[in-house]
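I set out to record what can be looked up in this structure, entry by entry. Confidence and overall make-up come before individual contacts.

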Amino acid sequence: MVTIEEHELAGDIHFFDNYIPSLPDGTYKVDVQQQVTSTHKLTHPPGRAVWSSYTDSPKQTFALSGADAPSFVIRGPRFALDSSMVHAVHPSTGANGDFRNLLPHLTLNREILPWERLLRDTRASDPARPPWVALLVFPEGELRPGAEVGDMVTSRTVTQLLTPAERDVAVPGIDRASVPDELLASTCRTIDVRKDAFMAAVPRRAELRFLAHVRRVETNLPDGPETEEFAVVVANRFPRENARYHAHLVSLEGLEDCVDGKAPSADYVRLISLWGWQFSTHATTPHTFGELVGGLKTSVAGLCLPGTGLPDTSPGARAKTRLASGYVPLGSVTGTGERTFAWYRGPFTPVTVADPQPAKERPYRSADEALVYIQPEGIFDVSYAAAWTYGRFLALAHADLSAPVLRAQASVTRQTARMRMALPQVEALTEQEAAQEGTAERLLREQLHPQRARGRFEALVAGGLGERLGTALAASPPQEERAVAGPVESPPAAVPQPAPPPAELLSRSDVRSVVKEALREELARHSPRPRRGTTGQRAVPAGAPGILGASEQSQPEPTTASWDSVALLSLLSADVLLPHAGLVPPESLRFFSVDPHWVDALVDGVVSIGVTTSLDEEARSLVREVIAPKDTGRITGLVLRSGLIDEWPGFLLAAYQNNRPLPLLRRDPIGPGMLLFLFDGMPDNVDIWEPVHELSLGLRSDGTCAVRRVVEGPQNQFAGELLADTTVEVAYRSPGAAPVLDVTELVSKLGEKVPDLRKLQDPVLSPASFSLQLMTSAYRLSIVR
C-alpha cells in the first residue's frame with residue numbers, strides 16, 4: 001500500500017528575517033592609548049631608607065592611531081562563491097518542468113552571506129538592511145552570448161571587469177582602491193544583460209529585504225534530531241513561457257543607482273555572477289515533490305525485470321521465474337569458445353535464496369566451482385562464479401584489502417609450526433589428563449604464548465616449588481653402587497613418531513580451535529575502526545577498502561575480526577550491482593535483500609590470493625572462517641530512480657520495522673538520478689519526506705497567493721496553517737513572458753489579510769512572514785510493504 005499525505009513535515013522549520021554579522025566586510029583599525037604613571041623612592045634622613053610611594057600626574061602617554069593604528073580585515077566572498085557555500089538550487093540545474101508559478105531560489109550553507117557586505121547608503125547598525133546580492137532570472141534573449149561555449153557567461157579578471165574594453169556596457173562602480181591586489185588578479189564570472197531587461201528585473205531597494213531570509217531546520221531523523229541553518233535567496237520573476245531560463249546570483253555592489261531606479265546610459269549592464277544555472281519551463285511536465293512522488297505510487301516493486309513478451313510455454317515459464325528472481329540474461333563465452341548466454345544476478349535479490357552448494361564445498365577454490373548448471377535449459381548460472389572473480393580482482397587491485405589476507409595466512413603458518421612443537425606434550429597426556437576439558441588446548445595455547453607458560457612457572461616458584469623439591473630430594477635414600485660383571489644391554493630406544501604434516505596438523509579440531517582463536521585476536525587488534533560520516537551512512541575507514549573493522553555502533557573492546565559486507569560491496573561498480581538498466585525504470589523504487597551467498601563467494605575470491613601449498617589451502621579456509629561477514633543475512637535495501645534526487649537532493653528517507661527505525665547503513669548515488677539505500681533489517685514501512693529547508697516558494701495553480709498564519713491561533717491553530725478560502729491577487733511590476741513580481745504591493749496586500757499580525761512586536765509583514773506566505777505545502781510518501 002502506498003499513500004501520499006500533505007502537510008507532513010519531518011521536523012520544524014523557523015523563518016528569520018536575516019542574519020546580520022557583528023561586523024560587515026571591510027578593513028578595521030584599532031586605536032590604542034596607554035598612560036604610564038611613575039612611583040618614586042625617597043631617602044630621609046641620610047643613611048636610612050624610607051619608602052614613600054605616591055602617584056603623580058602621568059609622565060608619558062603612548063598612543064597608536066591614524067596610520068600607526070593596528071588593523072585587521074574581515075573578508076567574505078565578493079567576486080565569486082566557493083561551491084561548498086551553495087547547498088541547493090531550485091529548479092535544479094538542467095531541470096525541465098512546469099515552473100510557471102514557481103519563484104526560483106538558491107539555498108546557501110553560509111547563512112550570513114547575503115548580509116556580509118553593505119550597499120551604499122546603508123548603515124551597518126540597521127537591523128533591516130537589505131542584502132547585497134539578488135537572484136535574477138532571464139530568458140536567453142535578454143542576455144548577450146558569453147565567451148564560454150553554450151553559455152551566456154564570460155570569465156575575466158576583476159581588473160578587466162572594472163576597466164572594460166567595450167563602450168556599450170556599464171560596469172559596477174566599485175572603487176579599485178577598495179579591492180586588494182590579489183583580488184584584482186583573481187577570476188570572476190560575468191553576464192551582460194540588456195539595459196531594459198535589467199532595469200525591469202532588478203529589485204528595488206525596498207524590495208530587496210523581502211527576497212532573502214534564513215531558515216533554521218530541526219529535522220527528526222531516525223538517528224536523532226538534527227538542526228541546520230540556511231540562507232535562502234529568492235527570485236522575483238516567474239518563468240511563465242515554455243523556454244530556457246538563466247538564473248544568476250549577482251552582486252549589487254556598485255549598482256546602487258540601478259537599485260534606486262536610475263538606469264545607466266550604456267546598452268548593456270555587466271553583472272558579477274556569483275553562481276548561475278539553467279532550467280527550462282515545460283507546462284506539461286510534472287516537477288513538484290507531490291507530482292514526482294505521485295509517479296512513484298504505481299512504480300514500487302521488487303528489483304527484477306518484467307517478464308512481458310515471453311511465450312506461455314514451459315521454457316517461457318522457467319524464464320519468467322528466473323526474471324522474477326532478479327536474474328538477467330547476459331552474453332557468455334564457454335571454455336571451449338562457444339558463444340551462448342548465461343543467467344546472472346548481482347548481490348541484490350528480490351527473493352530469499354537457498355544455498356546453491358552443500359556447506360562442505362565451501363570455500364570455493366576457483367570460479368568454476370561456483371558455477372551452477374541449470375540442466376533443463378542446458379545453461380549456467382554464473383552469479384556466484386562472477387562474484388568469486390570480482391573478489392579476486394578486488395584483492396589484486398586494493399593493497400589494503402589483500403594485505404590483511406596475506407598477513408593472516410602468514411600468521412596461520414607460523415602458529416601451525418609452533419603447534420608442531422607442542423604436539424608431543426599433547427600426545428604424552430594420560431587418559432585422565434586428556435579427559436579434562438581444555439587441557440590439550442591449554443598446552444597448545446601456551447606454545448603460541450610462551451609468556452603464559454613462563455607466568456605459570458613463576459607462580460609455582462612463588463608458591464614454594466623450590467622448597468618442596470629440596471625436601472623431596474633430601475628425603476630420598478642414596479643409591480647403592482654395585483659392581484657390573486659384564487656389559488649390560490640397554491633397552492631398545494623408542495622410535496620417535498614423526499610430526500604430521502602442517503596441513504594435516506591444522507585439520508585437527510584442537511589445533512584448529514586454538515589457531516582460530518589466536519587469529520581472531522590478531523586481526524581484531526589490527527582492525528581499523530570505521531568512522532560514521534555526516535550523511536548518516538556507514539562510513540568506510542580511511543584507506544579504502546577498510547573492510548576489517550568493528551561494528552558500526554560504538555562498542556567497547558574487543559573488536560570483531562569479521563568483515564563489513566557493506567563496505568566490501570561499496571568497492572563494486574554499479575554495473576556489477578545492477579547489471580541491467582531495466583531493473584530500475586525511470587521514476588520507480590525497487591526493494592531487494594542482499595544475497596549472503598553472493599557475498600560469501602565474493603569473500604572466497606578475495607582470500608584465494610597467495611595460495612600455493614596445501615598448508616596455504618588450509619590456512620585460507622581458516623582465514624575465511626574468521627573474517628566471513630556476519631551481517632549479510634539481515635541487510636536489505638532499495639534503489640530509487642527519480643527526478644527527486646536532482647530536484648531535492650536533501651530529501652529524507654527512513655525505513656521502519658514494527659514502527660522502529662532501521663539503521664541506515666548506506667546512502668550513495670549509483671548512477672544518474674539513482675540512489676542506493678541499505679538498511680540493517682527488513683523494513684515493513686518506508687517514508688519519503690520533502691526536505692523542509694528546500695520547500696519551494698511560489699503561487700497557487702490559479703496564480704493567486706495563499707495566506708498563512710504567522711502566529712498561533714486560539715483553537716490549536718498553528719503558525720504556518722493555511723487559511724481556507726483566503727487568497728490574494730498578485731500584481732506584477734513588469735508583465736510579459738517572465739513577469740516580475742511587485743513585491744511591495746504583495747507585501748501590502750498580505751499584511752491586510754494575515755490574521756493576528758498585531759500580536760507581533762513589529763505588527764508589519766516581515767521578510768520571514770512574507771516567505772512563509774509563499775511557501776508551498778510539504779508532502780510525505782508512505783510505502784507499506
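The entries below go from the whole chain to single residues.

**Entry 1. Confidence.**
I note at the outset that this is a predicted model. I looked up the mean pLDDT of the protein and found 79, with 76% of the residues scoring at least 70. I then asked where confidence is lowest and where it is highest. The lowest mean, 47, belongs to strand 1 (residues 2–6), and the highest, 96, to strand 13 (residues 133–139). I also marked two stretches with pLDDT below 50. Residues 49–55 form one of them, with 14 contacts in the model beyond near neighbours in sequence. Residues 528–560 form another, and this stretch has 75 such contacts. I keep in mind that predicted coordinates should not be read in detail where pLDDT is low.

**Entry 2. Overall make-up.**
I recorded 22 helices and 39 strands in the protein. Of its 785 residues, 47% count as buried. The exposed area is about 39,200 Å², of which carbon and sulfur atoms supply 52%. I next looked up the contacts with a separation of 6 or more: residues 24 or more positions apart account for 75% of them.

**Entry 3. Helix 22.**
How many residues of helix 22 are buried? I found eight of eight, so helix 22 (residues 767–774) is noted as mostly covered. The buried residues include Phe 770, Leu 772 and Leu 774, and also Ser 769, Ser 771 and Gln 773.

**Entry 4. A hairpin.**
I examined strand 22 (residues 328–333) and strand 23 (residues 339–344), which run antiparallel and are joined by six bridges. Val 333 has Arg 339 of strand 23 as its bridge partner. The two strands form a hairpin with five residues between them. In the turn, Gly 337 has a positive phi of about 90°.

**Entry 5. A nonpolar patch.**
Which residues make the nonpolar surface patch of about 230 Å²? I found Leu 23, Val 30 and Phe 72. Leu 23 sits in the loop between strand 2 (11–16) and strand 3 (26–29). Leu 23 counts as partly exposed because its relative accessibility is 38%.

**Entry 6. Ala 95.**
I located Ala 95 in the loop between strand 9 (86–90) and strand 10 (96–97). Is Ala 95 buried or exposed? Its relative accessibility is 6%, so Ala 95 counts as buried, the cut-off being under 20%. Leaving out residues up to four places away in sequence, Ala 95 touches Gln 278, Phe 279, Ser 280 and Glu 647. Ala 95 and Glu 647 lie 552 residues apart in sequence, yet their C-alpha atoms are 7.6 Å apart in space.

**Entry 7. Salt bridges.**
I counted 31 salt bridges in the structure and followed three of them.

- Arg 110 and Glu 116 meet through their side chains at 2.7 Å, N to O. Arg 110 is partly exposed, with a relative accessible area of 28%, whereas Glu 116 is buried at 5%.
- Glu 140 forms a salt bridge with Arg 244, the closest N and O atoms being 3.0 Å apart. Glu 140 lies in the loop between strand 13 and strand 14 (154–157) and Arg 244 in strand 19 (residues 244–251), so this pair ties together parts 104 residues apart in sequence. Glu 140 is partly exposed at 30% relative accessibility, and Arg 244 is partly exposed at 35%.
- Arg 270 and Glu 166 meet in a salt bridge of 3.2 Å, N to O. The pair links distant parts of the chain, 104 residues apart: Arg 270 is in strand 20 (residues 268–281), and Glu 166 is in the loop between helix 1 (158–162) and strand 15 (169–170). Arg 270 is buried, with a relative accessible area of 1%, whereas Glu 166 counts as partly exposed at 32%.

**Entry 8. A network.**
Which residues are linked with Arg 270 and Glu 166 in a network of salt bridges? I recorded Arg 144, Arg 156, Asp 168 and Asp 192 as the further members.

Key. Residues numbered from 1 in each chain as written. Predicted model: local features only at pLDDT ≥ 70, side-chain atom pairs only at ≥ 80, totals over all residues. Heavy atoms only, no water. Buried < 20%, exposed > 50% of the residue type's maximum accessible area, 1.4 Å probe, protein only. Helix = DSSP H or I, 4+ residues; strand = E, 2+ residues; numbered from the N terminus. Contact = heavy atoms within 4.5 Å. Areas by Shrake-Rupley, 256 points an atom, 1.4 Å probe, with all protein chains shown as cover. Pairing = 2+ DSSP bridges. Patch = residues over 30% accessible without salt bridge, like charges linked within 9 Å, V, L, I, M, F, W, Y side chains within 5 Å. Salt bridge = Lys/Arg side-chain N within 4 Å of Asp/Glu carboxyl O. pLDDT = per-residue confidence, 0-100.
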